[in-house]
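Q: Hi! Could you walk me through this one while I have it open on my screen? I'd like to hop between a few spots.

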Amino acid sequence: MPVYGDLQGKVVYNINDKNRLTFLNIFSKDDSDNSLEDAIEYEVDFFGYSDDLTNVAGINWQYVWGEAGYSNTSISHMYNSFKRDYGETKSGLNTTKDNTLQNHFKLRNVNYFNASKRHSFEFGIEAAGMLNDFDVTYQNEKDNYGKVPD
């Protein structure tokens, strides 16, 4: 039976009239476990379990230069973890195993500048990186005649 849950939070702290910090976090946990016996009873093609976790967190600093403009500088991190093990109901064989970790990082700065009533500029810089460990195994399934496809 699947179990899904999530939690979100945001905190804004005004340091002073020109500086503001914003913290954001979004968390999700999803679990599913379907036994071979349940898959047979409910006539489902695949059985197995899934344990997935996702979290996104970030901080943003807004600095107001004055009436002419402001800057937003943010750092964020996204984390995904997948632990899955699935099998084919008709053969009872394992078909897929997944034990993947993903980490994504981002640093971003965006500036808004009003030179005049008719001219404004938006400029900035962004850098991103990833650290991933993909560990996925796919095994052969049998066709409707009980043979493993080429």
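Q: Let's start with Ile59: which strand is the place of Ile59 in?
A: Ile59 is in strand β3. Keep in mind as we go that this is a predicted model.

Q: How much of Ile59 is accessible?
A: Its relative accessibility is 30%, so Ile59 counts as partly exposed.

Q: And how far apart are the C-alpha atoms of Ile59 and Ile75?
A: They are separated by 5.6 Å, while along the chain the two residues are 16 residues apart.

Q: Switching to charges. How many salt bridges does a search of the whole structure find?
A: The search turns up 5 salt bridges. One of them joins the side chains of Glu126 and Lys106, at 3.5 Å from N to O.

Q: Where do Glu126 and Lys106 lie, and what does the pair tie together?
A: Glu126 belongs to strand β6 (residues 120–133) and Lys106 to strand β5 (residues 94–114), so this salt bridge ties together parts that are 20 residues apart in sequence.

Q: What about Arg108, which residue does it form a salt bridge with?
A: Its partner is Glu126, and the closest N and O atoms are 3.2 Å apart. Arg108 sits in strand β5 and Glu126 in strand β6, so here the parts tied together are 18 residues apart in sequence. Glu126 therefore has a salt bridge with Lys106 and also one with Arg108.

Q: Are those side chains exposed, partly exposed or buried?
A: Glu126 is partly exposed, at 45% relative accessible area. Lys106 is partly exposed as well, at 36%, and so is Arg108, at 40%.

Q: While we're there, what separates the C-alpha atoms of Ala127 and Arg108?
A: The separation is 6.4 Å, for residues that are 19 residues apart along the chain. Ala127 is in strand β6 and is partly exposed, with 44% relative accessible area.

Q: Which residues are linked in a network of salt bridges?
A: That network links Lys29, Asp31 and Asp51. Within it, the side chains of Lys29 and Asp31 meet at 3.3 Å, N to O. Lys29 is partly exposed at 30% relative accessible area, and Asp31 is partly exposed at 26%.

Q: Okay, now the surface. Which residues gather in a patch of negative charge?
A: Asp33, Glu37, Asp38 and Glu41 make up that patch.

Q: Which helix gives the most to the negative patch?
A: Helix α1 (residues 36–41) does, with 3 residues. Glu41 lies in that helix.

Q: Why is Glu41 called exposed?
A: Its relative accessible area is 55%, and the label exposed applies because anything over 50% gets it.

Q: I noticed Glu43 too. What sign does its phi have?
A: Glu43 has a positive phi, about 55 degrees, although it is not a glycine. You'll find Glu43 in the loop between α1 and β3 (46–66). Glu43 is exposed, with a relative accessible area of 72%.

Q: And the nonpolar surface patch, which residues make it?
A: Val11, Tyr13, Ile15 and Phe23 make it, and the patch covers about 390 Å².

Q: Where is Val11 found?
A: Val11 is in strand β1 (residues 3–14). Val11 counts as partly exposed, with 48% relative accessibility.

Q: Last topic: how many aromatic pairs does the structure hold?
A: There are 4 aromatic pairs. Among them, Trp61 and Tyr63 form a tilted pair, with 6.1 Å centre to centre and 45 degrees between the planes.

Q: Why do you give both a distance and an angle?
A: Because a pair of aromatic rings is described by the distance of the centres and the angle of the planes.

Q: Got it. How accessible are Trp61 and Tyr63?
A: Trp61 is partly exposed at 40% relative accessibility, and Tyr63 is partly exposed at 31%.

Q: One more: which residues form the aromatic cluster?
A: Trp65, Phe113 and Phe121 form one aromatic cluster.

Definitions and conventions: Residues are numbered from 1 along each chain as its sequence is written. This is a predicted model: local features need pLDDT of at least 70, side-chain atom pairs count only at pLDDT 80 or more; totals for chains, interfaces and linings use all residues. Side-chain values use heavy atoms; hydrogens and water are left out. Patches are made of residues with over 30% relative accessible area and no salt bridge: like charges are joined within 9 Å, nonpolar side chains (Val, Leu, Ile, Met, Phe, Trp, Tyr) within 5 Å. Accessible areas come from the Shrake-Rupley method with a 1.4 Å probe; for residues, only the protein chains shown count as cover. A salt bridge is a side-chain nitrogen of Lys or Arg within 4 Å of a carboxyl oxygen of Asp or Glu. Lys and Arg count as positive and Asp and Glu as negative; His and the chain ends are not counted. The place of a charge is taken as NZ of Lys, CZ of Arg, CG of Asp or CD of Glu. Helices (H or I, at least four residues) and strands (E, at least two) are DSSP runs, numbered from the N terminus. Buried means under 20% relative accessible area, exposed over 50%, partly exposed in between (1.4 Å probe, protein chains only). Rings of Phe, Tyr and Trp (its six-membered ring) pair if their centres lie within 6.5 Å; planes under 30 degrees apart count as stacked, over 60 as edge-to-face and the rest as tilted.
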